[in-house]
Amino acid sequence: MKLASLRSGRDGRLVVVSRDLRFYADASHIAPIMQAALDDWEAVRSDLEALAEGLDNSTAERHRFDAGEADAPLPRSFQWADGSAYVNHVELVRKARGAEMPQSFWTDPLMYQGGSDRFLAPHDSIPLADPSWGCDMEAEIIVVTGDVPQGASREDALAAIRLVGLVNDVSLRNLIPAELAKGFGFVQSKPASALSPVLVTPEELGDRWRDGKLHGTLSVDLNGEPFGRARADVDMTFDFGTLIAHLAKTRSLGAGSVIGSGTVSNRDADGGPGRPVRDGGLGYSCIAEIRTVETIVDGAPKTPFLVQGDAVRIWMEDDRGQSIFGAIDQTVA
C-alpha cells in the first residue's frame, strides 16, 4: 500500500496511490489526514488496503496522481529524529572537520532531534538565504512508526514500523562546526527537510524490506548528472530496529514519529572512500562526502555546495525500473 497527502490546509488530504504511481483514490472518508491514519492504524488499515486493491484493480474511483501537486505525506510530525546508521559517512565528514571519531560510534548510534513542525513537499524549493552557509543535500531512508513503548526491544521497534520513504535532509554545512562547538547539537544548521511523494508499507516492499533495512539503490542526480547510486542495504551499521530502540530507551514514541537513517554512504570496493559515479564508483548521497574525498586525494575540495538554481533529484527504483516512492525533485531558491 502506498499513501500520500495532497495539498489541503496544514496537514494535507490523505490519498491512496497506485503501485505504478499513476493514479490516486481519495481516502479522506477513512482517515482525513495521514496522522489520523497512523493514530488509528489497526482500525483503518484494512479499509485503506481494500481501497488500494480497488485502485490497482481499476474498481475504485481514481484520479491522475501528480507528485508536483502533492504535499509532504506528513506535512508536520510530532517527532523527527535522524540517526547516523552509515558510520562511514560520519567518519568521512568528521575527518573533513579535523575531528577524531570515537570508537563508540561503531557500537552506539548517533541521533539528533530535528525540526518536524514543517516538512517540505517533494517538489518544493530549497530556501537558501545565504550561499555562504554551505547548503548540502542528504539523501536518506526514513521510517514512520506507530506508538512505541519506552524500553522497546529491537524486535518490538521493527514491528512498530508502519511506513517507509525517502528524505532530503538539508544541511547547512558551514554553520555546523560552530553549533557543535557549543556542545548542544544542531539548530540553525538543520533547516526543513523534504519527504518523498509517497510512503510505502513494509509489506508492499516485499523482499526489499528485510532485516530492518531497505534493500536497493538510492539514486541522486545533481543538475541532471548522476551523483549517487549508493546501496541502502550495504554499509548500514545500525538497522532501523536498533535506531528506534535507541531512541525509545528512555521515552515512548508517539504514532507518526519519523526516524531517519542518516546519509546513505558506501565504501569503495577496495574498502576506501567511495568514488564518483563518473569514475565507476557508487558516488555520494551528499556533497560533504565528495568534498572530503577530494581533500584526501587532492589536498582540497573542488565540488561547491549548492547555490541558487542547482537542482537535486532523489529516488529509488524497483527491479522493473519503476519508481517506488516517487522522486524528491528540488531546486535551490
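A residue counts as buried here when its relative accessible area is under 20%, as exposed when over 50%, and as partly exposed in between (1.4 Å probe, protein chains only). The model is a predicted one, with local features taken at pLDDT of at least 70, side-chain atom pairs at pLDDT 80 or more, and totals for chains, interfaces and linings using all residues. Residues are numbered from 1 along each chain as its sequence is written, and side-chain values use heavy atoms, leaving out hydrogens and water.

Take Val312, which sits in strand 18 (residues 311-316); strands are DSSP runs of E, at least two residues, and helices are runs of H or I, at least four, numbered from the N terminus. Val312 is buried because its relative accessibility is just 1%. Leaving aside residues up to four places away in sequence, Val312 touches Met137, Asn168, Asp221, Leu222, Leu306, Ile328, Asp329 and Gln330, where contact means heavy atoms within 4.5 Å. Met137 is 175 residues from Val312 in sequence, yet their C-alpha atoms are 7.7 Å apart.

On to the nonpolar cores, each a set of buried Ala, Val, Leu, Ile, Met, Phe, Trp, Tyr and Cys residues joined through side-chain atoms within 4.5 Å. The largest has 68 residues, and Phe65, Ile141, Val164 and Phe325 touch the most other members. Helix 7 (residues 240-247) chips in the most to this core, with four residues. Apart from it lies another core, of 32 residues, including Leu14, Ala27, Val167 and Leu199. Back in the largest core, Phe325 has contacts that include Leu21, Val164, Pro197 and Met316.
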